[in-house]
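Please look over the sequence and the model shown here before reading on. The report that follows moves from the overall layout to the interior, and then to single residues.

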Amino acid sequence: MAQPPRRLGRPRDAAIGERALAAARELLVERGFDATTVQAVAERAGVHASAIYRRWPSRIALIVEATFPGLSPLQVRPSGDLHDDLCRFIRAYLQVFDAPAARAAAAGMLAHYQTSSRALPTELVVRISARPQFIDILRATPPGSVDPSVDPDDVFDMLLGTLLTRVLLQGAVARHASVERIAEMIARLLRPAAPPVPPPTGPAPSQHEPAVQRGSG
């Protein structure tokens, strides 16, 4: 009986990746974005830098996964109620953005994206993106609840911009809409437009009412 081929190399230790992510979050809060280097993360996590590079191609990719780990499916499992599902989705997303490590990394990440043309690995983007869960919420709504002519990716981008503004400019913006208000505005963008009201049918009413005849009795 033929033996199955042996795998070369050692299996990847998941604990190393978890320690590296935890170390990155700690360093971001303690020392800031610029000081959170691969070498610093490796020293804090007690691993070799090469072990980190086997898992992430750059420190940016490591920081992104450490600070924006995606949403738990249990938090945003669609129920079919668009407004309720959007509220839970927005609250879960804000929890990710409001975490201390994410707030410490946000400004540095935005500055990096403005000056770098290097895209993140596709598999990393898919792993951390909340876009698919947003699409799942729309698919779970009853037929006719969402306008098919509206691009859900455009709506998600608008929601993402709203939440980023809320987090990054928290001290500069005096007024913040509630989660329920944001959900209602997003729902309005998604709902089908109301059909036009047809004009009334039948003869036009007379401009002058006929005089009422009074009886003599």
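## Overall layout

In this report a helix is a DSSP run of H or I that covers at least four residues, and the helices are numbered from the N terminus. By that rule A101, a residue to which the report returns below, has its place in helix α6. The model is a predicted one, and its chain has 10 helices and zero strands. Read from the N terminus on, the elements therefore follow the order α-α-α-α-α-α-α-α-α-α.

Of the 217 residues in the chain, 35% are buried. Among the contacts in the chain with a separation of 6 or more, 69% are made by residues that stand 24 or more positions apart.

## The nonpolar cores

The largest nonpolar core holds 31 residues, and within this core F89 and F134 touch the most other members. Four helices, namely α5 (82–98), α8 (131–139), α9 (152–168) and α10 (179–190), each supply at least two residues of this core, and the largest share, 10 residues, comes from α5. In soluble globular proteins, nonpolar side chains tend to be buried together.

Which residues does F134 contact, leaving aside its neighbours within four places in sequence? They are L86, F89, P152, V155, F156, L159 and I186. Apart from the largest core lies another core, of 29 residues, and its members include L28, F33, A61 and I128.

## The cavity and the pocket

The structure holds one cavity of 30 Å³ or more, and the largest cavity has a volume of about 40 Å³. Its lining is made by F68, F97, A102, A106, L164, V167 and L168. Both α6 (100–115) and α9 supply at least two residues each to this lining, with α9 giving the largest share, three residues. Sorted by class, the lining of the largest cavity has seven nonpolar residues, no polar residues and no charged residues.

The largest pocket contains about 510 Å³ of space. Of the 20 residues that line this pocket, F68, Y93, Y113, I128 and L160 lie nearest its centre. The elements that give two or more residues to the lining of the largest pocket are α5, α6, α7 (122–128) and α9. By class, the residues of this pocket lining divide into 17 nonpolar, two polar and one charged.

## Helix α6 and residue A101

Helix α6 bends by about 40° at A106, and A106 is also one of the residues that line the largest cavity. The buried residues of α6 are A101, A102, A105, A106, G108 and M109, and what covers these buried residues includes α1, α4 (59–67), α5 and α9.

Is A101 buried or exposed? A101 has a relative accessibility of 8%, and because this value falls under the 20% cut-off, A101 counts as buried. Not counting residues up to four places away in sequence, A101 touches R25, L28, V29 and T67. One of these partners, V29, is 72 residues away from A101 in sequence, yet the two are 5.4 Å apart in space, C-alpha to C-alpha.

## Two more residues: W56 and E26

W56 lies in the loop between α3 (49–53) and α4. Its relative accessibility is 6%, so W56 counts as buried. Leaving out residues up to four places away in sequence, W56 touches G17, A20, L21, A61, L62 and E65; A61 also belongs to the core of 29 residues. From C-alpha to C-alpha, W56 and L124 are 9.0 Å apart in space, while in sequence they are 68 residues apart.

E26 lies in helix α1 (residues 14–31). With a relative accessibility of 37%, E26 counts as partly exposed, because partly exposed residues are those between the limits of 20% and 50%. E26 and V41 are 15 residues apart in sequence, and in space they are 9.1 Å apart, C-alpha to C-alpha.

Notes. Residues are numbered from 1 along each chain as its sequence is written. This is a predicted model: local features need pLDDT of at least 70, side-chain atom pairs count only at pLDDT 80 or more; totals for chains, interfaces and linings use all residues. Side-chain values use heavy atoms; hydrogens and water are left out. A nonpolar core is a set of buried Ala, Val, Leu, Ile, Met, Phe, Trp, Tyr and Cys residues joined through side-chain atoms within 4.5 Å. Buried means under 20% relative accessible area, exposed over 50%, partly exposed in between (1.4 Å probe, protein chains only). Contact means heavy atoms within 4.5 Å. On a 1 Å grid over the protein atoms alone, a cavity is a set of points where a 1.4 Å probe fits but cannot get out, and a pocket is an open set with protein on both sides within 12 Å along at least five of seven lines; lining residues have an atom within 4 Å of a point. Grid points are joined across faces, edges and corners, and a volume is the space filled by probe spheres set on the points. Ala, Val, Leu, Ile, Met, Phe, Trp, Tyr, Cys and Pro count as nonpolar, Asp, Glu, Lys and Arg as charged, and the others, Gly among them, as polar. The bend at a residue is the angle between axes fitted to the seven residues ending there and the seven starting there.
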